[in-house]
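Dear colleague,

I am handing over the structure we spoke about, and I would be glad if you could look through it with the notes that follow beside you.

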Amino acid sequence: MLRALDLAEAVENGDLTPSSVLALALEAVQQGEAEIGAFAHLDIDGATLHAQRLGLGATGLAGLPIGIKDIIDTADMPTSYGSPIYDGWQPKADATVVQMVRQAGGVILGKTVITEFAHMTPPRTLNPHNHAHTPGGSSSGSAAGVAAGMLALALGTQTGGSVIRPAAFCGVAAIKPSFRLLPSVGVKPFAWTLDTLGLFGARVVDVAYGLSAITGRDLRVDAHDFGTPRIGVMRQPYAGTPTPEAEAALQGAITALEKAGCTVRDLDEPGAFAEAHAVQQVIQLYEGALALAWEHRERRDALSPGLRRALDSGAGHLPQAYDEARRKARLARHAARDAFTPFDALLSFPAPGAAPTPETTGDATYNKLTTMLGVPCVHVPVLKTADNLPVGVQLLAAFGRDAEVLAAGRFLEEALAGA
């Protein structure tokens, strides 16, 4: 994988150029893209010209090759939203976050493959670690592109579990920041109270560096000592039963943290968490049916059967049921303020287990609540199965504590490396 922070520092120091870094990415594209299928659109010529213009000593994102999920508008590349309805669609303007990437000095290599309208229909992308398995969804191409060394960083979005889950399946680091830390203007919505932009990279220090450069906030964790974090364990029993591999990853993280000096104890989860988790689909599908109302009514036959059923279900929810679900989500957010207070970060499962086969994008059950809460979440890889499939953990923290959860993620990475 391309280590974004190391490469950026090498460019800033004059040891590498944006063009030489892009050459590394393009070599990986040439070797793996035909089989993995991470890109919906590649702009090699545009990326090459941009990298050449930046030249020696570039700062910020330092000319690193960046992937943009194909649910995010780009003025110079097609944006299909993963649907034949928008095949060849060319937006007139960049999404706000794309402009932020450009202004920070990132070189956009292309648009990454997504599921249909960032829902659940499996795309053509394959898991770089084992091609018989899914990379997850809906940010399939972004996670796979980073895992395959084609991209230093990539943008994704999460409505249910579409950043953290594919990061877990592909064995990369990722952050789903606090709700609206990254602006969603120019991103095709599915559920506007849940949709959250996120970032993939090789390591936690890489996504922290990238998020800091894009937002202009002090979120880097490579040059700070944040001390020993207080860690809680949030098992989410209402979300189902994890596989033995997922349990092993969680226990491996706990063991490494304790060995590094952390005190780790279980979180006493408020009842409001289970109640909010149970109504997540009401919110997601009710809003989805409204956000995609034109496509649902006017181009129904162009939608996949699975998405048609989901939107039919959402359109059938009464406003009163949606309002009650939103009330339960609000109560869970209020409960999280007190529940999270004793901890700097919480450990949880990012997915029920390793990546399944490509007939599905996997289950978002362990991500639904954390997305509803709007809190920052970081994925850290922990182990691999006998089938070479990565399994990791997610860390989460209170709303607005993005720097703290990134620091805890870095601490865990180092603890695992020293275990």
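Is Tyr 286 buried or exposed? In this predicted model, Tyr 286 has a relative accessible area of 15% and is therefore buried, since that value falls under the 20% cut-off.

Aromatic pairs

Tyr 286 is a convenient place to begin, as the structure holds 6 aromatic pairs, and one of them is formed by Tyr 286 and Tyr 322, whose ring centres are 4.3 Å apart and whose planes meet at 15 degrees, so that the pair is stacked. Tyr 286 belongs to helix α10 (residues 280-291) and Tyr 322 to helix α13 (residues 319-340), so this pair ties together parts that are 36 residues apart in sequence. Tyr 322 also counts as buried, because its relative accessibility is 10%.

The rings of Phe 349 and Tyr 366 make another pair, with centres 5.2 Å apart and planes at 55 degrees, so this pair is tilted. Here Phe 349 and Tyr 366 both sit in the loop between β9 (345-348) and α14 (368-373), and the pair links distant parts of the chain, 17 residues apart. Phe 349 is buried, with a relative accessible area of 2%, and Tyr 366 is likewise buried, with a value of 1%.

The cluster around Tyr 81 and Phe 117

One aromatic cluster is formed by Tyr 81, Tyr 86, Trp 89 and Phe 117, and two of its members deserve a look at their backbone. Tyr 81, which is found in the loop between β2 (65-69) and α4 (96-103), has a positive phi of about 55 degrees although it is not a glycine. With a relative accessibility of 6%, Tyr 81 counts as buried, and Lys 188 lies over the face of its ring, at 5.7 Å from the ring centre. Phe 117, found in the loop between β3 and α5, is not a glycine either, yet has a positive phi of about 50 degrees; its relative accessible area is 2%, so Phe 117 is buried.

Cavities

Phe 117 and Lys 188 come up again when the empty space is examined. A search of the whole structure finds 3 cavities of 30 Å³ or more, and the largest cavity has a volume of about 50 Å³. Phe 117 and Lys 188 are among the residues that line the largest cavity, and the lining also includes Ile 71, Ala 118, Thr 157, Thr 159 and Asp 195.

Thr 361 and the cis peptide bond

What is Thr 361 in contact with, leaving aside its neighbours within four places in sequence? Its contacts are Thr 115, Met 120, Pro 122, Pro 123, Thr 134, Gly 136, Gly 137, Arg 165 and Phe 169. Thr 361 is found in the loop between β9 and α14, and at 1% relative accessibility it counts as buried. For Arg 165, which is 196 residues away from Thr 361 along the chain, the two C-alpha atoms are separated by 9.0 Å. Gly 137, another of the contacts of Thr 361, is joined to Ser 138 by a cis peptide bond, with omega about 0 degrees, and Ser 138 has its place in the loop between β3 (107-112) and α5 (140-147).

The nonpolar core

The largest nonpolar core has 131 residues, and those with the most contacts inside it are Ile 72, Phe 273, Phe 340 and Leu 347. The largest share of this core comes from α13, which supplies 8 residues. As a general background, nonpolar side chains in soluble globular proteins tend to be buried together. Not counting residues up to four places away in sequence, Phe 340 touches Leu 267, Phe 273, Leu 346, Leu 373, Val 375, Leu 396, Ala 397 and Ala 398.

A partly exposed arginine

Arg 299 is found in the loop between α11 (293-298) and α12 (305-316), and its relative accessibility of 35% means that it counts as partly exposed, because this value lies between the 20% and 50% limits. When neighbours within four places in sequence are left aside, Arg 299 is in contact with Ile 85 and Trp 294. Arg 299 and Ile 85 are 214 residues apart in sequence, while their C-alpha atoms are 7.5 Å apart in space.

With kind regards

Notes. Residues numbered from 1 in each chain as written. Predicted model: local features only at pLDDT ≥ 70, side-chain atom pairs only at ≥ 80, totals over all residues. Heavy atoms only, no water. Phe/Tyr/Trp six-rings, centres within 6.5 Å; stacked < 30°, edge-to-face > 60°. Helix = DSSP H or I, 4+ residues; strand = E, 2+ residues; numbered from the N terminus. Buried < 20%, exposed > 50% of the residue type's maximum accessible area, 1.4 Å probe, protein only. Lys NZ or Arg CZ within 6 Å of the ring centre and 35° of its normal. Contact = heavy atoms within 4.5 Å. Core = buried A, V, L, I, M, F, W, Y, C linked by side-chain atoms within 4.5 Å. 1 Å grid on protein atoms, 1.4 Å probe; cavity = no way out; pocket = protein on both sides within 12 Å on 5 of 7 lines; lining within 4 Å. Points joined across faces, edges and corners; volume = space filled by probe spheres on them.
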